[in-house]
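The exercises below concern one multi-chain model. Each has a task sentence and a solution in steps.

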Amino acid sequence: MADHCIIRVDGQLVAATSGESLAVALLRAGHFRFRESCSGQARAPVCGMGTCYECQVRVNGTWVRACLEPVRAGLEVHTDG
Amino acid sequence: MVEHVDVAVVGGGPAGISAAVASAAAGKRVCLLDEGSRPGGQIWRHRLGQVPDEAQSLLTKLDAAAVKVLFRASVFDVEDRQGSWRLTLSQGERRVAITAEKLVLACGARERFLPFPGWTLPGVMGAGGGQAFLKEGLELHGERVLVAGTGPLLLPVAASVGKAGGRVLAILEQTPWRRVLGMLPVLLAHPSKALQAAQLGRSLFGVPYRPGWWVQEAYGKDFLEAVRLTDGQREEVLECRWLFCGFGLVPNGELGVALGCAGTHAGLQVNKAQESSVNGIFAAGELCGVAGVDAALAEGAIAGLAAAGVWDAASVEGHRLVKARARARSTGRQLERIFALRPELRGLPRPETIICRCEDVPYGAIDPSWGSRETKLCTRAGMGPCQGRVCGPILIYQFGHTPDTVRIPYKTTPVGQLIAEEP
Amino acid sequence: MNQRILVVGAGIVGVAIADRLQASGCSVTIFEADLPGGGATAAAMGHLVVLDDSPMQMAFTARGVALWRQENLPKGCEREVCGTLWVAADEEEVEEARRKAERYSGLGLACEVLTAGQLWEAEPALRPGLAGGLRVAGDQVLYPMGAARFLLKRALERGATLCREKVQALVPGGVRTEPGLVQADAVILAAGLGTTTLLPELPIQPRKGHLAITGRVPGLVHHQLVELGYLKSAHGRATTSVAFNVQPRATGQLLIGSSREFAGLDGSPNRELLGRMLRKAVSFLPTLERVPVLRVWTGFRPCGPGNLPVIGPWPGRPGLFVAAGHEGLGITTALVTAELMAHHLLGTPAFLDPASFLPEPAHG
Ligand SMILES: Cc1cc2nc3c(=O)[nH]c(=O)nc-3n(C[C@H](O)[C@H](O)[C@H](O)COP(=O)(O)OP(=O)(O)OC[C@H]3O[C@@H](n4cnc5c(N)ncnc54)[C@H](O)[C@@H]3O)c2cc1C
Ligand SMILES: Cc1cc2nc3c(=O)[nH]c(=O)nc-3n(C[C@H](O)[C@H](O)[C@H](O)COP(=O)(O)OP(=O)(O)OC[C@H]3O[C@@H](n4cnc5c(N)ncnc54)[C@H](O)[C@@H]3O)c2cc1C
Ligand code: FES
């Protein structure tokens, strides 16, 4: 089942597994700053189920909750908001 | 094109799957919708191929049944179309509309979080949240993990940490020992739960379980480094990398409330056939009040049969389901009493502690004399993307507020998808 | 000279009046049935805008905006002097922009007509192919609830009293509330939609509007953007209409408006109208399509019988004054309304012809 693929996170290549949650892929790769809060704090996933929006990142230009987003080869991920 | 079905089920956890399977078995056209990428809801979130047996049989039935299943589908609007319901959902880049004669809400529950200094640091997660990521493949490579909060959920979370290669320093259970012992009669009444507990106990051998203890503060710069804990008298500081901390569950009643279903933040009200106060809307599982997977399975089946118009409480199957529901609900109520939140937890936030994570509203900005609406309008608490799903229960707990009104979109939705089709 | 005044309603209009009169030495009590600022005020967009439907409307709104500029507002009011950019879709609207510019300049307001190129430079997110625009520099944006609370707080610090009671009826020389009668030298009715219940001769109708708030997209839009077609599309009285109206908030969010309809007091969203409103917004700002919406709400503009609000003494009822029916401009004109009211009660200068706002005899 393990179907390895490469995604790009803030310009850097990250190895991940197709179909797994993007949040897990980012955490495994050592990304702990998913978004910056409005007062400038680093935030990372909390609820793991799409409720808290702390895991929001931009994928191919659209805002998504990383915990609900399955990894696909070639995703362009930005953690700038 | 708008698809029409007899029964639309929102939520693909045990309750939703069970409802969909039951309705489909009665010959109805059924559609099952869930935000996640696979069926199973919050409990069965394992990576493919690792689904537990109890789940597998239901999932097999779902596969076999003529149920149209839509995943990654966030239902953001439901309209009353005089006799039918029109659901609009966002599925990635797509907008999908479905009309249904009957609606089964099985939106489950979310975790309750309580604020303490440092709870917004990366590395601090929900207990269920952490477990979700572990089940989905997060590895911990010997990292130090503290599991804290309340409820039976903490034990499987700790077990998952161990399985993922983490080192559980302790399980902090805020409820005191004498109340935890109240679990014994519950376990004795449910041999299967006792067995689960025993298995858990084995896998957690050597992990300190500390009832009457809770987290006071989390420290760290960019990431969690240490946690200060207390039992009200003593204090300790533990170095750790992760804190998985959750204070029980809160029903996701928003959709039902928005549709006019009677209920409170503790759950929607339903009758014996799982029908809400609104004709044609049924509800099952955690959103009727937290009672666990057994209640979800029974209520889902009842709701599915009732929505299909074939619910018969007097049948053999009907008897079985009613009994299972009653048993599970009564256990749920017992657990609720046992794991009631202690008042000391209200004193944890300091004036600068964030209450609303979306809008970074500090505790000190909230005047305790304010009501819910005033708090929101004056501080922005609850105005962010989660729309008070996280801080709402906190404000209810801290200040006795009432839940905020629910407005569309029920889930944050891009402008383009909110635009209705040309008439 | 210490007049005792009762103000009914703590919306933006009521608190502005209370603050103004208390500052001039009156002794003011404000009655509020619900949450201060929680009516139309809490639902509003908070665009402080000069409109030129008629010369008097223009003078009224221009004075309103000028008075807001003089206020030193705290951070919670989220005031931004971002200006309004009126967007012209075609040559006809550019012509309208030029005429508008003349009228604005005539009142001494800073404004400039933009070519298509300048428009694109000012707001690169607008769709290509627009014809030009008009920038009105002094228009502002604020958070109406924050502004109402600021004015209320200041009035209370100046010695006014807030009484969280519903006024059940107007009685000669005072009001009746649940606890009893309260007498005063003057009663000022500023109850928004609640006005008609207390004074049936003055019909104030709810004119419903939708707003949608987005997630944070700082820097996408710089001015409050309004289509020049707005005056055509939004101000026809009877019709249901939508207009392109997008506001950058201090938070980096966008507030998307606007719609107008008479639909009673049903606050549930009209999906068809909301769809039209958002479609219009996307047609001007294509990138909006992917921007997430967090919440959609509706509010009711208090719409009076005429094109201007009613401000002044009510004929035949000595001691009763009215300030109601501000429709979609009550935030903009709250302070100038207070100035007019002070003129009636205290004889202070009015800057505008107070007669234009007096209740028409037919309604009196
Ligand atoms: C974080 C967490 C961890 C848990 N861990 C355990 C455990 O380890 N062991 C245990 O016995 N019990 C656990 N539970 C309890 C268990 O989830 C419940 O007992 C059981 O799953 C209830 O089933 P349900 O169908 O009511 O809800 P859920 O399983 O929560 O399913 C609800 C589903 O609805 C979906 N949904 C909600 N709103 C929308 C919408 N608007 N549009 C589309 N989809 C929507 C959600 O994505 C979710 O998949 C946990 C619960 C939570 C919240
Ligand atoms: C969607 C929308 C967008 C808008 N955008 C703008 C904008 O961008 N710029 C702008 O200038 N204006 C805007 N407006 C218009 C503006 O909101 C109103 O004109 C203004 O708020 C009216 O203020 P008010 O004080 O008259 O009414 P309200 O704010 O409604 O206040 C009336 C108060 O009186 C109280 N009350 C009623 N009856 C009684 C009683 N019997 N006893 C005691 N208290 C009572 C009510 O509880 C209420 O608090 C907008 C309005 C809407 C709906
Ligand atoms: S972790 Fe909460 S929404 Fe993704």
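**Exercise 1. Place R210(B) in its strand and decide whether R210(B) is buried or exposed.**

Step 1. The model is a predicted one. In chain B, residues 209-211 form strand β11, and R210(B) lies in this strand.

Step 2. The relative accessible area of R210(B) is 17%. The cut-off for buried is under 20%, so R210(B) counts as buried.

Step 3. Residues up to four places away in sequence are set aside for the contact list. R210(B) then touches A170(B), I171(B), L172(B) and E173(B), and also L229(B) and E236(B).

**Exercise 2. Carry out the analysis for Q131(B): which helix holds Q131(B), and which residues does Q131(B) contact?**

Step 1. Helix α3 of chain B covers residues 127-135, and Q131(B) lies in this helix.

Step 2. Q131(B) has a relative accessibility of 8% and therefore counts as buried.

Step 3. With neighbours within four places in sequence left aside, the contacts of Q131(B) are L153(B), P156(B), V157(B) and S160(B).

**Exercise 3. Describe the fold content and overall dimensions of chain B, and test chain B against the globule rule.**

Step 1. Chain B contains 13 helices and 22 strands.

Step 2. For 423 residues the globule rule gives 22 Å, and the radius of gyration of chain B is 22 Å, so chain B is as compact as a globular protein of that length.

Step 3. The C-alpha trace of chain B spans about 60 × 50 × 35 Å along its principal axes.

Step 4. Of the 423 residues in chain B, 60% count as buried. Among the contacts in chain B with a separation of 6 or more, 64% come from residues 24 or more positions apart.

Step 5. The accessible surface of chain B is about 17,100 Å², and carbon and sulfur atoms hold 55% of this surface.

Step 6. Chain B carries 46 positive and 41 negative charges, and the mean positions of the two sets are 4 Å apart.

**Exercise 4. Carry out the analysis for chain A, starting with the order of its elements.**

Step 1. Chain A has 1 helix and 7 strands. Read from the N terminus, the order is β-β-α-β-β-β-β-β.

Step 2. A compact globule of 81 residues would have a radius of gyration near 12 Å; the value for chain A is 12 Å, which agrees.

Step 3. Along the principal axes, the C-alpha atoms of chain A fill a box of roughly 40 × 25 × 20 Å.

Step 4. In chain A, 59% of the 81 residues count as buried. Residues 24 or more positions apart supply 35% of the chain A contacts with a separation of 6 or more.

Step 5. About 3,100 Å² of chain A is accessible surface, 50% of which belongs to carbon and sulfur atoms. Its 8 positive and 8 negative charges have mean positions 4 Å apart.

**Exercise 5. List the assigned domains of chains B and C and state how the domain centres are separated.**

Step 1. In chain B, the assignment gives domain 1 (2-110 + 250-311), domain 2 (113-247) and domain 3 (349-399). The C-alpha centres of domain 1 and domain 3 of chain B are 30 Å apart.

Step 2. In chain C, the assignment gives domain 1 (4-43 + 144-204 + 306-357) and domain 2 (80-139 + 205-303). The C-alpha centres of these chain C domains are separated by 30 Å.

Step 3. At the contact between the chain C domains, 12 residues of domain 1 meet 14 residues of domain 2.

Technical notes: Residues numbered from 1 in each chain as written. Chains lettered and ligands numbered in written order. Predicted model: local features only at pLDDT ≥ 70, side-chain atom pairs only at ≥ 80, totals over all residues. Heavy atoms only, no water. Helix = DSSP H or I, 4+ residues; strand = E, 2+ residues; numbered from the N terminus. Rg over C-alpha atoms; globule rule 2.2 N^0.38 Å. Buried < 20%, exposed > 50% of the residue type's maximum accessible area, 1.4 Å probe, protein only. Contact = heavy atoms within 4.5 Å. Areas by Shrake-Rupley, 256 points an atom, 1.4 Å probe, with all protein chains shown as cover. Lys, Arg positive; Asp, Glu negative; His and termini not counted. Charge placed at Lys NZ, Arg CZ, Asp CG, Glu CD. Domains from an automatic or database assignment.
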